[in-house]
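Here are a few exercises on empty space and overall shape, each with a worked solution. Have a go at each task before you read on.

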Amino acid sequence: MERNWAGNLEYRAARIVHPRSVDELREALSGDGPVRLLGTRHTFNDLADTEGTLIATDALPLEVEADAAAGAVRVSGGIRYGDLAPRLQEQGLALANLASLPHISVAGAVATGTHGSGDRIGSLASAVRAVELVTPAGDAMRFARGDADFAGAVVHLGAVGAVTALELDVEPTYDVAQSVHESPSWDAILADLDATTSLGTSVSVFTTWQRTDVADQLWIKQRLPFDADAAARRDTVVAGLGARPADLPRHPILGMPADACTVQLGEPGPWFERLPHFRLEFTPSAGEELQSEYLVPRVAAVAAIEALRGLADRIAPLLLVTEVRTVRRDDLWLSPAYDVDVVALHFTWRRNEPAVRAFLPTLEAALPASARPHWGKIATLSGDEVRRRFPRFDDFAALRTRLDPGGRLRNAYLERLGL
């Protein structure tokens with residue numbers, strides 16, 4: 001019995017194969033019946049599911065070919081960020097951002113528009129310079145930044161082919177210091193949300209909605225060097241929120257031990273040991289959980305958070321924690337940040353899927369009609385409604401048809417979207 005990371009989904013696949021080379025991958029793609037690609041299984045819905053063959057990418061050779069002069073690295077699609085980052089660090093290089101956990105594969109994160117946080121930082125997909133893939137027909141294709149279909153081929157939902165490699169932007173390595181502040185006032189946060197989200201390179205607000213006057217925690221990850229005047233201004237804003245510095249390391253979920261979390265208390269360290277919330281060697285977050293996420297335009301974010309405050313008594317019993325983050329706009333057709341700066345409203349739920357799914361229509365109705373769901377998490381919006389929220393969706397549908405005319409990569413998830 002094969003399940004996803006959270007344990008809420010049992011894959012229906014007749015078989016799961018683990019190709020060890022691109023030739024074996026091509027052979028798996030060319031077989032009979034439907035196929036889907038499987039990464040690190042950190043998807044909470046049936047996006048990666050199929051009744052046919054699941055092709056896991058975990059056995060493909062790891063590749064990391066960095067070119068510091070060009071500011072680029074070519075990596076195998078199946079590599080995890082937690083395995084890539086130390087290799088870059090050894091060469092004095094870094095990525096601009098990471099997700100909250102390093103356990104996810106590069107190809108899977110990019111394909112679903114997964115992100116970290118930062119007013120000036122795009123999703124992980126926005127770092128892609130080129131994507132190389134094999135189509136179900138066995139054709140090897142490469143889409144580079146500037147190509148006509150590049151913006152459609154990056155965030156692709158596993159609907160156009162199997163990614164064999166990606167080229168990513170890199171830069172010289174840098175250090176980050178992470179601090180946690182407790183009990184910031186919601187009224188103060190929402191009075192000037194921009195002032196809060198710009199407190200650091202990467203900022204997260206966590207809350208359980210047990211209280212609606214204050215959030216639980218404010219996490220600030222600051223890229224170094226950081227001058228004294230800027231630090232003083234930051235401290236003034238934090239004090240204005242009524243937040244107090246945490247005296248011990250904290251976990252985003254109240255009451256859980258912080259051993260799994262990256263180093264806090266302002267201690268500097270390499271970028272890849274601070275930008276994620278969790279360490280690679282530990283189970284991230286709570287483990288047995290569900291997740292939903294909706295990304296709303298910044299201009300609608302305050303109203304959206306106020307709507308969540310109004311639903312706090314219904315959210316709290318189902319919830320482990322909510323996280324509020326920011327993502328810079330990009331031009332990738334299926335990115336939740338397509339053409340607009342967004343605020344991400346992330347929900348880590350207790351693993352009670354019937355109750356969560358029963359509540360989600362109420363939550364979704366309270367959010368602005370421009371809110372876009374994360375592709376890999378649980379939502380109950382109709383396929384037509386999701387399509388409406390992505391202006392280039394029909395362009396992507398045409399691209400999918402060209403690259404997989406026989407529909408071998410289709411599954412129930414894609415069919416609900418009209419793909």
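What follows is a set of exercises on the fold, the pockets and the cavities.

Ground rules: this is a predicted model, where local features need pLDDT of at least 70 and side-chain atom pairs count only at pLDDT 80 or more, while totals for chains, interfaces and linings use all residues. Residues are numbered from 1 along each chain as its sequence is written, and side-chain values use heavy atoms, with hydrogens and water left out.

**Exercise 1. Size up the fold.**

Step 1: count the elements. There are 13 helices and 19 strands, taken as DSSP runs numbered from the N terminus (helices are H or I with at least four residues, strands are E with at least two).

Step 2: check the radius of gyration, which is taken over C-alpha atoms and set against a globule rule of 2.2 Å times the number of residues to the power 0.38. The value is 21 Å and the rule gives 22 Å for 419 residues, so the protein is as compact as a globular protein of that length. Along the principal axes, the C-alpha trace spans about 60 × 50 × 40 Å.

Step 3: look at burial and contacts. Of the 419 residues, 60% are buried, meaning under 20% relative accessible area with a 1.4 Å probe and protein chains only. Among contacts (heavy atoms within 4.5 Å) with a separation of 6 or more, 73% join residues 24 or more positions apart.

**Exercise 2. Describe the two largest pockets.**

Step 1: fix the terms. On a 1 Å grid over the protein atoms alone, a pocket is an open set of points with protein on both sides within 12 Å along at least five of seven lines; a cavity is a set where a 1.4 Å probe fits but cannot get out; and lining residues have an atom within 4 Å of a point. Grid points are joined across faces, edges and corners, and a volume is the space filled by probe spheres set on the points.

Step 2: take the largest pocket. Its volume is about 430 Å³, and of its 17 lining residues, R120, S198, G200, T201 and Q222 lie nearest the centre. β13 (217-223) and α7 (228-240) are the elements giving two or more residues to this lining, with α7 giving the most, four.

Step 3: repeat for the second largest pocket. This one has a volume of about 290 Å³ and is lined by 17 residues, with A379, T380, L381, Y413 and R416 nearest its centre. Here the elements that give two or more residues are α11 (383-388) and α13 (412-416).

Step 4: sort the linings by class (Ala, Val, Leu, Ile, Met, Phe, Trp, Tyr, Cys and Pro are nonpolar; Asp, Glu, Lys and Arg are charged; the others, Gly among them, are polar). The largest pocket has seven nonpolar, four polar and six charged residues, and the second largest has eight nonpolar, five polar and four charged.

**Exercise 3. How many cavities of 30 Å³ or more are there, and which residues line the second largest cavity?**

Step 1: count them. There are two.

Step 2: open up the largest cavity. It holds about 710 Å³ of space and has 48 lining residues, of which H42, T43, G108, A109 and T112 lie nearest its centre. α3 supplies the largest share of that lining, four residues. By class, the lining has 19 nonpolar, 22 polar and seven charged residues.

Step 3: finish with the second largest cavity, at about 40 Å³. L98, A99, S100, G116, S117, S202, S204, K221, L275, H277 and R325 line it. They split into three nonpolar, six polar and two charged.

Definitions and conventions:
Buried means under 20% relative accessible area, exposed over 50%, partly exposed in between (1.4 Å probe, protein chains only).
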